[in-house]
Amino acid sequence: MNLYNSLSHKKEEFIPYEKGVCRMYTCGPTVYHFAHIGNLRSYIMEDVLEKYLVYSGLRVDRVMNITDVGHLSSDADTGEDKMLKGAKREHKTVMEIAKFYTDAFFADCEKLNIKIPDTVVPATSRIDDFIELTQALVDKGYAYVAGGNVYFDTSRLKEYYVFNKMEAEDLAVGVREGVEEDENKRNKTDFVLWFTKSKFDSQELKWDSPWGVGYPGWHIECSAISIKELGEHLDIHCGGIDNAFPHHTNEIAQSEAFLGHPWCNYWFHVLHLNTSSGKMSKSKGEFLTVSLLEEKGYNPIVYRFFCLQSHYRKSLVFSYEALDNAKGAYNKLIAKIATLSDEGEFDAAAAAKLRSSFAEALDNDLNTSLAVTALYDVLKEKTTGKTKLALLAEFDSVLGLNLISASNALNAEKEKDVNGISPEDAPIIALINERTEAKKAKNYARADEIRRELSEMGITLIDTAEGTKFERA
Ligand code: AMP
Ligand code: ZN
């Protein structure tokens, strides 16, 4: 597979450090609010990457952190902690906010078929590791204490701006807004590893440390969690493009200073989802969440389909018109698949040809829109229904578009009669209607007999104000 590497600014063949295994790290959400669909674009594309690596035969060990402390309102070391802001907004504790929005993030992932990494680590659960890493950096002379805080000394590095050849668009996202000078810093680019003194003394969560009671900076969590969970050599580090600077730049500085050798070989950055008026925001304009899309009648998978139709390295503009187009195309695709029947022999020659165009698309820097085209190629191919259904299911293990379950659901829906009753439910409903009539005629013996008959079929009746409902055992 060829992947664009933001570190080398070119497409490179992906070769894992250890044969057969890909060690992958993803910056997780800052759980102070719901994720917006822009955040989720990054997680969808990373999910396709992970699933494609698995499809290609690799074992993927993937780790994600949950940022529940240390991410300040500005990506630089200024402003209030985002978590504390969220807690104040909702009159809750920071840990209550963290739990609520972590669960909400997982619920969104489930709706979008995003696999949650096997190892998910909340930053607050690893404070001792952050202190240990910070201490090691102090001991190695890469960090210094000033004004009560511990800072990373970027002047000790041969190269700090490792992503410096970024394209204009990338740099625009990474630019820091409203940065205030911190007089403790020896160099402008130094950043905080541990805070004990900040303008915001009301910080709720604090821990004891060799430098006093305080809390970690944002960047240290990803270095510490990644090295502990995935070892000294990381294959792929993922995140949205805004994270390239300063977050990932600082992660590389810390990790390589600590390890004494190169750390991560491939950097996978997803460009932003924007609105027609610009940057997507949680506080300004419409707060675009998965729940909002659902309230508006969209199946979340349609949003995933919308994302897959574009390349992850191009910024994407969200509009309801564009989403409606994706919805139309998705529904048509499902309707076509629903007409297939699992007939005939499996056609190995056709399968090999179709698989190779699917793989060619994704091998070329995860070209998901061409991988979606490969689905239409399957439908167009002159081959058996069995082959087509098998390949669609196989490709969907990577794309995650519910192709088979949605087309089965469509067929079940079609089988319902004009009253919306499916063939399996029809005899049960007939008996329920007969029981209602019997009760009206005060023929309780027959009514009870019907209840027993249904019970033997594993059907439980529930009498409600709106009539009798039933449940299958
Ligand atoms: P956060 O919860 O702010 O830490 O961000 C979670 C992930 O979403 C990070 O990988 C960000 O880089 C990414 N991200 C933030 N905004 C966008 C956006 N508009 N489009 C795509 N990804 C984004
Ligand atoms: Zn991170």
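**Reading a hairpin and a ligand shell**

Me: In the hairpin of E6 and E7, which residue takes a positive phi, and how many residues lie between the strands?

Reply: In this predicted model, the hairpin of E6 and E7 has two residues between its strands, and Gly147 is the residue with a positive phi, near 60°.

Me: How many bridges join E6 to E7, and do the strands run parallel or antiparallel?

Reply: As a general idea, the side chains of a regular strand alternate between the two faces of the sheet. Here strand E6, residues 143-146, and strand E7, residues 149-152, run antiparallel and are joined by four bridges, with Ala146 standing opposite Asn149 of E7.

Me: Turning to ligand 1, which residues come nearest?

Reply: A residue belongs to the surroundings when one of its heavy atoms lies within 4 Å. There are 15 such residues around ligand 1, of which Thr30, Gly38, Ser42, Gly240 and Asp242 come nearest.

Me: Which atoms of Thr30, Asp242 and Leu273 make the polar contacts with ligand 1?

Reply: A polar contact is a pair of N or O atoms within 3.5 Å. A polar side-chain atom of Thr30 is 2.8 Å from an oxygen atom of ligand 1, and a side-chain N or O atom of Asp242 lies 2.4 Å from an oxygen atom of the ligand, whereas for Leu273 a polar backbone atom is 2.9 Å from a ligand nitrogen atom. The protein buries 93% of the 500 Å² that ligand 1 exposes when taken alone.

Me: Which elements give two or more residues to the shell around ligand 1?

Reply: They are helix H1 (37-55) and strand E10 (234-240), and H1 provides the largest share, four residues. By residue type, the shell divides into four nonpolar, 10 polar and one charged.

Notes
Residues numbered from 1 in each chain as written. Chains lettered and ligands numbered in written order. Predicted model: local features only at pLDDT ≥ 70, side-chain atom pairs only at ≥ 80, totals over all residues. Heavy atoms only, no water. Pairing = 2+ DSSP bridges. Polar contact = N/O pair within 3.5 Å; in protein donor to acceptor, adjacent residues only side chain to side chain. Areas by Shrake-Rupley, 256 points an atom, 1.4 Å probe, with all protein chains shown as cover. Nonpolar A, V, L, I, M, F, W, Y, C, P; charged D, E, K, R; others polar.
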